[in-house]
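Open the model in a viewer and keep the sequence panel beside it. The stops below each give a selection and then what to find there.

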Amino acid sequence: MRIPAHSVCTAIRDDIVAGVHERGSRLTEEVLARRYGVSRVPVREALRTLEAEGFVVTRRHAGACVAEPTEQEAADLLEMRALLEPLGASRAAQRRTEAHLKVLRGLVRLGQERARRGNSDDLRSLSGWFHETLAQASGSPALTSTLTQLRHKIAWMYATEGPADPVEYWAEHGAIVDAVARGDGERARSVTALHTERAGAGHRLRFGSGAGRGERVRNAQHPVNMPSLRP
C-alpha cells in the first residue's frame, strides 16, 4: 500500500519541530525513506511541501536541508500570529457553526477544570486544539492553513513557558468563546488580541544570541503508517 505523501510530510515536520532533524542538517531521500518505512517517492513530495512551508531549503551541492531561520524571521512569526489570530476570531464570530461552538465550549470546560486542579500536563495540547478549532470556525481555509503553519513554526523556533496563572489563561479562552457565540466580532478580536499578546510573552527563542540551550528531542525510528502518527 502506498503511504500518502501528507503522512510522510507530517512525520518529517513533527521531527523537525522536535529537533530530531537539526537546523541546517541534510535531509537525504534514501535515509528518510528508510527511517519512516516508505519509498523515496512520498519523501520527495513531502520535501517539496516542507520547502514551500519554509521548513526545508535546497542548497547547491547539498540538496535538501533543514532551514535555519534568523531571529528576525522568528520574531516576524509572532507578529503575524498577533495579527491573524484576532482576525480569525472576528471571522469566527460571524461564521461559526453550532458544532464549532460545542467543541470550543467543551475544550474550555476541560481546560478550566484541569487548570483549577493544577493538572497542567496537557493544557498546552488543549490550548492548541482550541486555537485550531477557532481558526476552523473562521470559515476561511486559507486563514486556517496559514495559522496552522504559524503554530508549527513557532513551536519549532520557540520554547514556551506555561502561563503564570492557568486559571486566568483559560478564563481568557472562555471570554473568546462567549464573544464568538454572541456574534460580537469586535469583542472577539480584542479579547483574542490581548490573549495572544500575553501568550507571546512566554516564548523563548531556541537559537541565536539571546537563546538558552533548548533540550533536543531525538526519537527512535518510526514508520509513518503507525496509528500513533497524526494523518
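A residue is called exposed when its relative accessible area is over 50%, and buried when that area is under 20%. The model is a predicted one.

**Stop 1: the hairpin**

Select histidine 61, in the loop between β1 and β2. Is this residue buried or exposed? Its relative accessibility is 77%, so histidine 61 counts as exposed. Check its backbone next: phi is near 70°, a positive value in a residue other than glycine. The hairpin of β1 and β2 has three residues between its strands.

Now show both strands. β1 and strand β2 (residues 63-66) run antiparallel and are joined by four bridges. Pick valine 56, and look across to β2, where valine 66 stands opposite.

**Stop 2: the core around valine 56**

Keep valine 56 selected and display its contacts. Leaving aside residues up to four places away in sequence, valine 56 touches Ile16, Leu27, Leu47, Leu50, Glu51, Ala64, Cys65 and Ala67. Along with Ile12, Val56 has the most contacts inside the largest nonpolar core, a set of 32 residues. Which elements give two or more residues to this core? They are α1, α2, α3, β2, α4 (71-95) and α7. Of these, α7 gives the most, with six residues.

Another core lies apart from this one. Its 21 residues include Ala92, Leu101, Leu126 and Ala137. As background, nonpolar side chains tend to be buried together in soluble globular proteins.

**Stop 3: aromatic pairs**

Colour the aromatic side chains; the structure holds three aromatic pairs. Begin with phenylalanine 55 and tryptophan 156, whose ring centres are 5.1 Å apart and whose planes meet at 35°, so the pair is tilted. Phenylalanine 55 sits in the loop between α3 (40-53) and β1 (56-59), and tryptophan 156 in helix α7 (residues 141-157), so this pair ties together parts 101 residues apart in sequence. Both phenylalanine 55 and tryptophan 156 are buried.

Move to tyrosine 169 and tryptophan 170. Here the ring centres lie 6.4 Å apart with the planes at 80°, so the pair is edge-to-face. Tyrosine 169 counts as buried because its relative accessibility is 18%. Tryptophan 170 is also buried, at a relative accessible area of 0%. Add Phe130 to the selection: ring pairs link Phe130, Tyr169 and Trp170 into a cluster.

One more ring is worth displaying, that of phenylalanine 207. Arginine 23 lies over the face of this ring, 3.9 Å from the ring centre.

**Stop 4: salt bridges**

Show the charged side chains. Side chains of opposite charge can pair when their charged atoms come close. How many salt bridges are there? The count comes to twelve, and the tour visits some of them.

Select arginine 13 and glutamate 53, which form a salt bridge with the closest N and O atoms 3.0 Å apart. The pair links distant parts of the chain, since arginine 13 belongs to helix α1 (residues 5-18) and glutamate 53 to helix α3, 40 residues apart. Both ends fall below the 20% limit for buried residues: arginine 13 has a relative accessible area of 10%, and glutamate 53 has 11%.

Next take arginine 35 and aspartate 15, another salt bridge, with the closest N and O atoms 3.1 Å apart. Arginine 35 is in helix α2 (residues 29-36) and aspartate 15 in helix α1, so this pair ties together parts 20 residues apart in sequence. Arginine 35 and aspartate 15 are both buried.

Finish with arginine 44 and glutamate 29, whose side chains meet in a salt bridge (3.1 Å, N to O). Arginine 44 lies in helix α3 and glutamate 29 in helix α2, so parts 15 residues apart in sequence are tied together. Are these two residues buried or partly exposed? Arginine 44 counts as partly exposed at 33% relative accessibility, whereas glutamate 29 is buried, with a relative accessible area of 18%. Add Arg40 to see the wider arrangement: Glu29, Arg40 and Arg44 are linked in a network of salt bridges.

How values were computed. Residues are numbered from 1 along each chain as its sequence is written. Side-chain values use heavy atoms; hydrogens and water are left out. Rings of Phe, Tyr and Trp (its six-membered ring) pair if their centres lie within 6.5 Å; planes under 30 degrees apart count as stacked, over 60 as edge-to-face and the rest as tilted. Buried means under 20% relative accessible area, exposed over 50%, partly exposed in between (1.4 Å probe, protein chains only). A charge sits over a ring if NZ of Lys or CZ of Arg is within 6 Å of the ring centre and within 35 degrees of the ring normal. Two strands pair if DSSP finds at least two bridges between them. A salt bridge is a side-chain nitrogen of Lys or Arg within 4 Å of a carboxyl oxygen of Asp or Glu. A nonpolar core is a set of buried Ala, Val, Leu, Ile, Met, Phe, Trp, Tyr and Cys residues joined through side-chain atoms within 4.5 Å. Contact means heavy atoms within 4.5 Å.
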